[in-house]
Amino acid sequence: MRAASIRLWRTSPATYLALVVGCVISIFPIYWMVVVATRSNDVINDVPPPLLPGGELGANVGRVFANEHAAFAYGLVNSLVVSSVVTLSVVFFSTLAGFAFAKLRFRGRNAMLLIIVATMMVPVQLGLIPLYMLMVKIGWNGSLQAVIVPFLVSGFGVFMMRQYAAEAISDELVEAARVDGCSTFRIYWNVVLPVLRPAAAVLGLLTFMQTWNEFIWPYAVLDANTPTVQLSLSLLATAYYTDYAQVFAATALATLPLFAVFILFGRQIIGGIMEGSIKS
Amino acid sequence: MTSSSVVRSSAAARAAGDRVPWRSRLTRADVKFAPYFFIAPFFVLFAIFGAFPLVYTGWVSLHDWHLIGEHTFVGLGNYTALFADPDFWNALKNTVGIFVIATVPQLLLALMMANLLNRKIRGRTFFRMGVLIPNVTSVAAVGIVFGQLFARDVGLVNYLVTALGLDAVDWQANTWSSWIAIAVMVDWRWTGYNTLILLGAMQAISKDLFEAAELDGAAPRQQFWRITVPLLRPTLVFTVIISTIGGLQLFTEPVIFGNGRMLGGTLGQFQTVTMYMYETAFQRFQYGYGAAIAWSLFGLIVVFSLVNLLIVRRAAR
Amino acid sequence: MSQTKRFLAVTVAAVTALGMVGACSKETAGTKPAADGQINLVVDTFGDFGYKALVAQYQKDHPNVKVELRSVQKLDDYKPKLTQYLAAGTGAGDVVALEEGILNEFKTQPQNFVNLLDHGAADQQANFLPWKWELGKAGADGPLIGLGTDVGGLAVCYRKDLFAKAGLPTDRDAVSKLWPGWDEFISTGKKFTAASTGAKGFVDSVTTSFSAMLSQAGETNFYDRDNKLIADSNPVVKQAWDTSMKMVSEGISAKVPTWSKDWEAGFKNGSFAVTMCPSWMLGIIKTNSGAANTGKWDVAAVPGGGGNWGGSWLAVPAQSKHPKEAYELAKFLTTPESHVGAFKEAGPLPSSPKALDDPAFLALTNDYFSNAPVGKIFGEGAKSLKPVVLGPKHQAVKERAFEPAMQAVEQGKLTSDKAWQQALKTAVKEAK
């Protein structure tokens with residue numbers, strides 16, 4: 001365990017204190033969301049607000065699933081499909097293109113990278129209407145392709161992987177593999193991908209979360225027959241006011257899969273330091 | 001890491017590999033065209049689903065285009081009107097102001113948190129998950145919680161402020177106070193996100209460098225600023241650019257802060273450019289003018305990103 | 001290579017899952033192709049309009065019509081989506097609900113909707129309150145775009161316990177007598193604020209009072225009959241403004257903007273004693289105040305006699321493939337009998353005089369609000385309203401020019417005079 005000898009990486013009580021403070025600030029709102037989900041609707045206006053869970057969770061969750069119109073279970077399954085496919089695709093194509101931009105030489109490389117970065121700078125809100133018109137034209141409105149296919153690649157992902165690969169992968173490594181007779185794709189698969197794993201896991205995590213939480217576009221192009229989970233949340237209709245207890249119970253349920261995904265990817269991110277210290 | 005074994009065997013292969021013509025031709029084709037195949041999927045999908053809306057919006061911006069009505073071609077009329085529009089300049093001032101007071105502390109904090117998380121700590125997954133949670137939380141929950149914090153009469157922050165003997169602040173009413181409140185929301189939601197991105201990059205820095213520095217007797221602080229930060233440069237550039245893009249398109253947080261309205265306060269004191277664009281296109285139905293705002297914003301982001309790129313490059317050198 | 005295999009396995013699983021997407025959609029009328037002679041109609045609403053039983057009955061009576069009800073929870077989500085459907089020329093329901101604010105904006109582009117008069121809607125006029133019918137039209141002689149569903153008849157909700165603390169009467173009839181007009185309302189407010197009740201002010205904020213005064217004025221508000229902006233010269237507007245400003249300067253406003261956190265929490269914590277409440281607001285007040293405050297609120301008449309805030313219409317978008325059948329459905333959903341039916345299912349206040357006289361409606365009381373006879377109070381308020389000519393951008397001028405200016409005065413950011421200038425300037429921009 002030589003890693004421990006590096007003083008920058010040593011932990012002290014102060015480290016834990018800082019982390020605990022940071023996490024408490026981060027976690028509080030979601031904790032509070034759970035508190036409301038376990039109580040009746042009107043506690044939201046208490047001053048000071050309630051800080052301990054109540055006993056209404058079962059009833060609130062029951063109301064969520066009993067709401068036929070919202071089709072919450074469908075929403076969960078559909079979101080799982082959409083987010084998984086988009087995440088896998090984004091990670092794959094981003095690492096591939098990021099590697100190409102960082103380590104391969106080809107004509108127009110810088111210009112094309114600039115174009116990719118520029119695509120992120122376009123404000124999205126106004127693009128909704130033309131994109132919707134396009135979907136109607138090809139007949140995809142109302143079906144899941146409409147929220148999957150346009151998002152199979154991401155400028156964000158390519159740029160992130162490019163920046164990461166530029167530092168993490170040494171040119172010698174690529175050259176050496178090339179001389180060994182590896183095809184470029186083999187180099188990517190056998191040499192580059194393992195090195196990119198921690199960052200790819202971060203990208204995968206962020207992509208999954210973003211896709212899972214996406215509301216505006218699914219809402220614009222899908223309908224209540226094929227909802228994603230965020231769409232289901234918005235379909236929990238009440239007469240005129242928001243039933244926060246029900247909405248938060250549903251939101252808490254909708255957040256659970258994200259934790260599962262986090263644990264899955266989290267293990268990949270942890271890689272780095274620990275693994276390196278054991279092997280070398 | 002298998003790097004050392006690859007390097008060793010390659011020296012032998014180098015001599016043999018060059019002699020086989022057909023294979024070398026294949027290799028040459030592979031070297032030449034593979035990069036294009038690797039980046040093609042992005043461009044193909046973008047050409048279909050990204051370029052069309054972009055070009056269409058550009059076309060719309062050259063018209064006096066009622067969202068659900070008639071339209072007539074006006075050339076660059078929308079753009080000249082925009083540059084003389086005080087509401088646009090007000091929105092731009094707000095956007096840049098909030099961007100500056102939100103982004104600088106956010107990135108420094110993210111760097112610090114990433115450094116803490118890059119240690120041998122117990123409960124790593126828990127802490128890493130913890131910092132990212134704000135980004136997972138639903139917008140509805142964020143709105144309610146921050147409403148609770150920054151309310152004038154019943155807010156927690158004002159409770160503390162008055163406990164210190166100061167006057168309660170009407171957070172939405174003043175320019176400075178609304179900017180601060182929004183910056184806090186932005187930092188709360190996005191610091192963990194940047195932390196994780198930086199952490200991913202920190203994990204890739206070779207341990208040998210730190211061990212060498214350790215032997216030279218470099219203090220932890222020196223190790224951090226002399227090794228970690230310079231080696232993070234590409235990723236830092238990435239986070240700065242992403243924050244610039246996100247910051248100048250700031251929308252969700254100020255909308256939540258303003259009770260879901262696009263006005264950005266009674267006198268527009270926290271209306272951002274994107275809010276103004278949304279208000280113009282979808283509430284006033286001036287789609288053409290809104291499209292002109294979108295394209296101008298796009299231009300501004302390009303300029304800002306380039307400026308920030310230069311600053312970061314120089315600073316991290 | 002176990003990493004590779006795992007990656008492939010996950011990919012395969014994901015692709016398989018994608019193939020099963022069909023299994024994950026609910027099958028309903030809208031997704032199936034129509035059989036011979038079968039007509040599918042889609043109804044778009046927000047919240048709960050109380051149409052489930054009515055639609056079931058309609059389908060029974062019209063075996064060749066299949067109706068799908070689509071709705072989302074929030075008006076804020078509903079409006080941009082409907083706008084998008086209209087802009088793209090496809091996607092909207094055959095019958096769509098238009099809330100007051102949306103209706104006024106969409107009326108500026110009437111070509112997006114079927115003129116219901118073309119389908120013989122004129123014979124329905126007697127079924128609706130005169131002002132509700134007028135508002136469904138785009139301009140005094142314009143096409144009829146919407147048939148009225150509910151109204152938001154105004155009343156005043158007040159806290160009995162705070163009134164008692166201030167030495168004011170608490171009985172709802174006596175309270176109504178306190179303020180025949182707005183001046184008396186203000187002097188009552190001054191009496192209230194002079195006593196120590198722990199409240200921040202008498203009324204929550206002045207913007208809703210401003211709206212009430214405008215709707216009581218009758219005739220014109222911001223626009224004249226030729227759709228010319230007259231906000232700067234119409235004495236009705238200036239008078240409502242001055243009265244509202246007096247409410248601020250006399251210190252009776254708690255200065256909490258409607259829908260803000262302070263406003264929501266203020267119900268529970270007694271920040272104010274009075275709020276303008278349209279019928280649909282009762283549920284919101286109950287939710288915000290919580291069970292602990294049961295019986296503390298009561299309902300009295302609004303100063304100046306009646307007023308309206310909110311309410312919706314049903315319209316048929318021009319893009320509908322079955323405009324005639326869609327109109328028939330909209331007509332059915334807005335008959336007096338249907339108004340009562342919807343009211344029984346979900347509680348929206350009828351806009352049909354016949355429904356408002358229905359014994360079931362008149363007998364309505366609300367136990368949370370001290371058993372106030374809300375049916376009678378709201379029904380009378382709604383019936384006493386006079387039709388107002390609302391210009392094309394009435395809602396925008398009110399909500400984006402005048403209300404923020406008034407709130408800026410409440411915040412102490414502008415003087416009343418400066419705010420008036422600011423409001424007029426913004427009004428010109430909004431009206432463009």
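Colleague: How many helices and strands are there in chain B?

Modeller: In this predicted model, chain B has 15 helices and two strands.

Colleague: How does the radius of gyration of chain B stand against the globule rule?

Modeller: The idea is to set the radius beside what the rule gives for a chain of that length. For 317 residues the globule rule gives 20 Å, and the radius of gyration of chain B is 25 Å, well over that, so chain B is more spread out than a compact globule. Along the principal axes, the C-alpha atoms of chain B fill a box of roughly 75 × 60 × 35 Å.

Colleague: What percentage of the residues in chain B is buried?

Modeller: Burial is read by counting neighbours: a residue is buried if 20 or more other C-beta atoms lie within 10 Å of its own. In chain B, buried residues make up 48% of the 317. Contacts can also be sorted by separation in sequence. Of the contacts in chain B between residues at least 6 apart in sequence, 68% join residues at least 24 apart.

Colleague: How many residues of chain A and of chain B take part in the contact?

Modeller: Read such a contact one side at a time. Chain A puts in 89 residues and chain B puts in 88. On the side of chain A that touches chain B, several helices supply at least two residues each, including α1 (13-37), α3 (72-103) and α9 (184-213) of chain A. The largest share of that side is the 16 residues from α12(A). Sorted by class, the side has 62 nonpolar, 20 polar and seven charged residues.

Colleague: Which domains is chain C divided into?

Modeller: A domain may be written as joined stretches of sequence, as here: chain C has domain 1 (37-151 + 311-362) and domain 2 (152-308 + 377-431). The centres of these two domains of chain C are 29 Å apart, taken over C-alpha atoms. Their contact takes 20 residues from domain 1 of chain C and 22 residues from domain 2 of chain C.

Colleague: Which helix gives the largest share of the side of domain 1 of chain C that touches domain 2 of chain C?

Modeller: That is α5(C), with four residues. By class, this side of domain 1 of chain C has 12 nonpolar, five polar and three charged residues.

Colleague: Where in chain A does pLDDT stay under 50?

Modeller: Look at the average, then at the weak stretches. Chain A averages a pLDDT of 83, and 91% of the residues score at least 70. Over residues 271-280 of chain A, pLDDT stays under 50, and the model has 17 contacts beyond four places in sequence for this stretch. Where pLDDT is low, predicted coordinates should not be read in detail.

How values were computed:
Residues are numbered from 1 along each chain as its sequence is written. Chains are lettered from A and ligands numbered from 1 in the order in which they are written. This is a predicted model: local features need pLDDT of at least 70, side-chain atom pairs count only at pLDDT 80 or more; totals for chains, interfaces and linings use all residues. Domain bounds come from an automatic or database domain assignment. Two residues are in contact if their C-beta atoms, placed from the backbone, lie within 7 Å. Ala, Val, Leu, Ile, Met, Phe, Trp, Tyr, Cys and Pro count as nonpolar, Asp, Glu, Lys and Arg as charged, and the others, Gly among them, as polar. The radius of gyration is taken over C-alpha atoms; the globule rule is 2.2 Å times the number of residues to the power 0.38. A residue is buried if 20 or more other C-beta atoms lie within 10 Å of its own, exposed if 12 or fewer, and partly exposed in between; C-beta atoms are placed from the backbone. pLDDT is the predictor's confidence in each residue, from 0 to 100.
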